[in-house]
Structure formats: structure tokens, C-alpha cells
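Here is a short note for a colleague new to this model. Please read it with the structure open.

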Amino acid sequence: MRKVLLIVVALVVLYVAGFALFVGTLPTRPTQALKADAIVALTGGDARLDAAVALLEGGTGKRLLISGVNKASTKDELKRRSDGGRRFACCADIGYAAEDTYGNAEEAAAWIAAHHYKSLILVTASYHMPRSLRLFRSLMPGVRLIAYPVEPAGVDMAQWYRPGTLHLLHNEYLKYVASFVMTAVDHKSDGGKSAATS
């Protein structure tokens, strides 16, 4: 009985330590000038869209994919919402296929392959970035990924310990652990020859 209790305590300590590490190592926005072939924004709030469109209009990437767009939203509507300009009109693609983060990675991988791009800037919320990067790397092992995290409206990461933000981070941590296991198992099952599968 004591052995079982020790195992349970060890697992709890490991879980809490992992969560603390997850929160403590969330990426921050790069301060240096960026350059990549492409930009991919994952939907989930105007902050992500605004940041990605600003990067495109500033010439940071050649083309932008907005992945996971609601089928009722049009390109013109997204352009108005994000103050898109000339480059948005010519060089922004709208992806409607993705329904989750793995779908985002699949959609982006197909788009990157079609354009023969070798690098991309990934725009999503900071707490969503670790899981997104892991899934993107699993499907695009030869593509250089640059994280560009944003902080969504209503989420103050400096006060992560508040109940609402803590709940959000904990849910994302669970999803990150699941994605870690999924990609590791898939990588092992195919001998590391290909990416994770859905």
C-alpha cells in the first residue's frame, strides 16, 4: 500500500512540475526582425489575425495562410476586420478545412508543399504555441518554424495564476501532453520515417 501511495505522490509531483515548466517556458514574441517564406495564422481571435496580417503587409513573408476559418467568413470580411491592404488582396489564402490544431497542421503542410516554401512564421496564442509547434514539426520536419506568439484579449499571462487563466493553461497543458504522446507514438510506430498521422 505504501508503495502505491509513493507512486501516486511521485506522479502528482511530476505532473505539477511539468505544468510549472510548461507555463514558465511559454514563448514570447521575438524582438528581432523576422523573415520567412510564409506566415500561417491559426484562427482563434482577432489578435492572431491582426498580428499575421501586419507581418504580411510589412513584407515579413511572401504569403499568408489563415487556417481554420469559419465557412461563413469571406476573405473580404477578414480583410476589413484586420485592416488588410494591398498585400492581403494578392497574397492571403483562406483555409476552411481545419477543425482543430492537427487539422491546422495538415492544412498548412499541404499549402507549404504546394508553394515549395522552406520556412514559416507561425502565429497563434502563446499558450497554444507549444502544441502547435509540435504538431507542425511532426508534419513538416524539413520546414524551419518561427514562433510568433500573441496574447489574446482578456488573457493576461503576467497573472497566469488567476482562476480563469489557470484553467485555460491547464486545459492546454493536457492537450500538449496528449499531442506529445501522439506524435511520439506515431514517430516510433513508423520508425521515424514519416510524420504523425491523425
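1. Helix α5 covers residues 101-115, 15 in number. Its first and last C-alpha atoms lie 21 Å apart, close to the 21 Å expected at 1.5 Å a residue. Helices here are DSSP runs of H or I, at least four residues, numbered from the N terminus. The expected span is 1.5 Å times one less than the number of residues.

2. A word on the source: this is a predicted model, where local features need pLDDT of at least 70, side-chain atom pairs count only at pLDDT 80 or more, and totals for chains, interfaces and linings use all residues. Residues are numbered from 1 along each chain as its sequence is written, and side-chain values use heavy atoms, without hydrogens and water.

3. Look at both ends of α5. At its start, a side-chain oxygen of D100 comes to within 3.3 Å of the backbone nitrogen of Y102. Just after the helix, H116 has a positive phi of about 60°.

4. Buried residues (under 20% relative accessible area, 1.4 Å probe, protein chains only) of α5 include Y102, W111 and I112.

5. How do α5 and α6 (residues 129-139) cross? Their axes, lines fitted to C-alpha atoms over the stretch in contact, come within 9 Å and cross at roughly 40°. That makes α5 oblique to α6; oblique means 35 to 65 or 115 to 145 degrees. Contact (heavy atoms within 4.5 Å) involves, among them, Y102 and A105 of α5 and L135 and F136 of α6.

6. In helix α2 (residues 46-57), the end C-alpha atoms are 16 Å apart, in agreement with the expected 16 Å. Just after α2, G59 takes a positive phi of about 85°.

Definitions and conventions:
Helix = DSSP H or I, 4+ residues; strand = E, 2+ residues; numbered from the N terminus. Buried < 20%, exposed > 50% of the residue type's maximum accessible area, 1.4 Å probe, protein only. Polar contact = N/O pair within 3.5 Å; in protein donor to acceptor, adjacent residues only side chain to side chain. Axes fitted to C-alpha atoms, helices over the stretch in contact; angles between N-to-C directions.
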